[in-house]
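This report introduces a structure to a reader who has not met it before. The sequence and the three-dimensional structure are shown first, and the description follows.

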There are 2 protein chains.
Amino acid sequence: MINSDAICQIGVVVHDIEKTGQLFADFLGVERPEVASSGPVEIAKATYKGEPSNATCKMMFFELQNLQLELIQPDEQPSIWRDVLDEKGEGIHHIAFQVKGAKAHMQTLAEKGYPTTMSGNYGDGSGMYAYLDTVGDLKMIIELLESF
Amino acid sequence: MINSDAICQIGVVVHDIEKTGQLFADFLGVERPEVASSGPVEIAKATYKGEPSNATCKMMFFELQNLQLELIQPDEQPSIWRDVLDEKGEGIHHIAFQVKGAKAHMQTLAEKGYPTTMSGNYGDGSGMYAYLDTVGDLKMIIELLESF
């Protein structure tokens, strides 16, 4: 259905990205990556539960050999990151698949029972993301990522 | 510290491995893998919280392009799988790194504040696993895997 068999990213929601990022860097024996921003909301154009969203987050990307480990520290506005953090606490938030034609996939997947909960553009406009409502069936949030 | 930068497995605890496994197979567009067993307890020789453990589980392995997605359905005996399932419900349980010299790593990591919670052998004796107490710092359970 998803037409991809490579998980490209594991996302983790945290309260303090600098602190947890440093602990992860120490554990992996690498330098702590820089903190990135989700970027201007005018570019991100996020929607959450069908409504425009101005939620932002801090992000940190560990580029491992075969995939990316992403730490996410959301702001206080409603988002799929903030809601999971508030409801379940810190921990793994999603796994992501790299796809082509994310919007077509979103439509097909919605018809199959996996509607998109939150979507938006990368902060620099170079790609897009879509979180799918997959928790009931697949026990985890699955994200689609597409680079333009 | 861990001397590996490749995540080789994502583990997920579930109540019904056949049902969730079929939904995952449909989502990924692949055949549902066979259900595997954790094997004879005499070979597994598991320990949990410092005590010998006879806990077993059913497992299902999806071999994706760059890593393995593992579904785990534990039995009712105390284990790191059963306890997480009871306390947090179904969802992602751990991420695993493939290492050489797992026992030496376990000792070093314990000295750094990450003791082993549960460990044992593969059911066919071809390797071993060790779950580390990393949730406080790293917000997830990290597992070491070694093939002999």
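Two strands pair if DSSP finds at least two bridges between them. Helices (H or I, at least four residues) and strands (E, at least two) are DSSP runs, numbered from the N terminus. The structure is a predicted model, in which local features need pLDDT of at least 70, side-chain atom pairs count only at pLDDT 80 or more, and totals for chains, interfaces and linings use all residues. Residues are numbered from 1 along each chain as its sequence is written, chains are lettered from A and ligands numbered from 1 in the order in which they are written, and side-chain values use heavy atoms, with hydrogens and water left out.

**The sheet of chain A**

Chain A holds an open sheet of 10 strands with mixed pairing, in the order S2-S5-S6-S1-S7-S10-S9-S8-S3-S4. At its edges stand strand S2 (36-37) and strand S4 (51-53) of chain A; each has a single partner strand, so one side of each is left without a neighbour in the sheet. Helix H1 (residues 17-28) of chain A packs on the sheet and touches strand S5 (57-63) and strand S6 (68-74) of chain A, where contact means heavy atoms within 4.5 Å. The direction of H1 of chain A makes about 5 degrees with that of S5(A); axes are lines fitted to C-alpha atoms, for helices over the stretch in contact, and angles run from 0 to 180 degrees between N-to-C directions.

Strands of a sheet pair through backbone hydrogen bonds, either parallel or antiparallel. Both senses occur around strand S1 (residues 7-13) of chain A: S1(A) runs antiparallel to strand S7 (residues 91-98) of chain A, joined by six bridges, and pairs with S6(A) in the parallel sense over five bridges. Six of the seven residues of S1(A) are buried, so this strand is largely enclosed by the rest of the structure. Buried means under 20% relative accessible area, exposed over 50%, and partly exposed in between (1.4 Å probe, protein chains only).

Elsewhere in chain A, strand S8 (residues 116-121) and strand S9 (residues 127-132) pair in the antiparallel sense over five bridges. The table lists residues that stand opposite each other in paired strands.

| Residue | Opposite residue | Strand of the opposite residue |
|---|---|---|
| A:Gln9 | A:Ala96 | S7(A) |
| A:Val12 | A:Leu71 | S6(A) |
| A:Gly120 | A:Tyr129 | S9(A) |
| B:Thr47 | B:Ser119 | S8(B) |
| B:Met118 | B:Tyr131 | S9(B) |
| B:Asn121 | B:Met128 | S9(B) |

**The sheet of chain B**

In chain B, too, there is an open sheet of 10 strands with mixed pairing, ordered S2-S5-S6-S1-S7-S10-S9-S8-S3-S4. Its edge strands are S2 (36-37) and S4 (51-53) of chain B, each pairing on one side only. Strand S8 (residues 116-121) of chain B has antiparallel partners in strand S9 (residues 127-132) of chain B, over five bridges, and in strand S3 (residues 46-48) of chain B, over two bridges. S8(B) and S9(B) form a hairpin with five residues between them, and B:Gly125 in the turn has a positive phi of about 75 degrees.

**How the two chains are related**

A turn of 180 degrees and a shift of 0.0 Å along the axis lay chain A on chain B with an RMSD of 0.0 Å. The two copies are thus related as by a two-fold rotation axis. The copies are superposed by least squares on the C-alpha atoms of residues with pLDDT of at least 70 in both. Of the residues of chain A, A:Asn66 comes closest to this axis, at 3.1 Å (C-alpha). Of the interface residues of chain A, 100% are also interface residues in chain B, so the copies meet through the same surface.

**Core and aromatic pairs**

A nonpolar core is a set of buried Ala, Val, Leu, Ile, Met, Phe, Trp, Tyr and Cys residues joined through side-chain atoms within 4.5 Å. The largest nonpolar core has 60 residues, of which A:Ile142 and B:Ile142 touch the most other members. Not counting residues up to four places away in sequence, the residues that B:Ile142 touches include A:Phe24 and A:Phe27 of chain A, and B:Ile95 and B:Phe97 of chain B. A second, separate core of 17 residues includes B:Met59, B:Trp81, B:Val84 and B:Ala96.

Over all chains, the structure holds 10 aromatic pairs. The rings of A:Phe27 and B:Tyr114 have their centres 5.6 Å apart and their planes at 85 degrees, so this pair is edge-to-face. Rings of Phe, Tyr and Trp (its six-membered ring) pair if their centres lie within 6.5 Å; planes under 30 degrees apart count as stacked, over 60 as edge-to-face and the rest as tilted. A:Phe27 is buried, with a relative accessible area of 0%, and B:Tyr114 is buried, at 4%. Ring pairs also link A:Trp81, A:Tyr129 and A:Tyr131 into a cluster.
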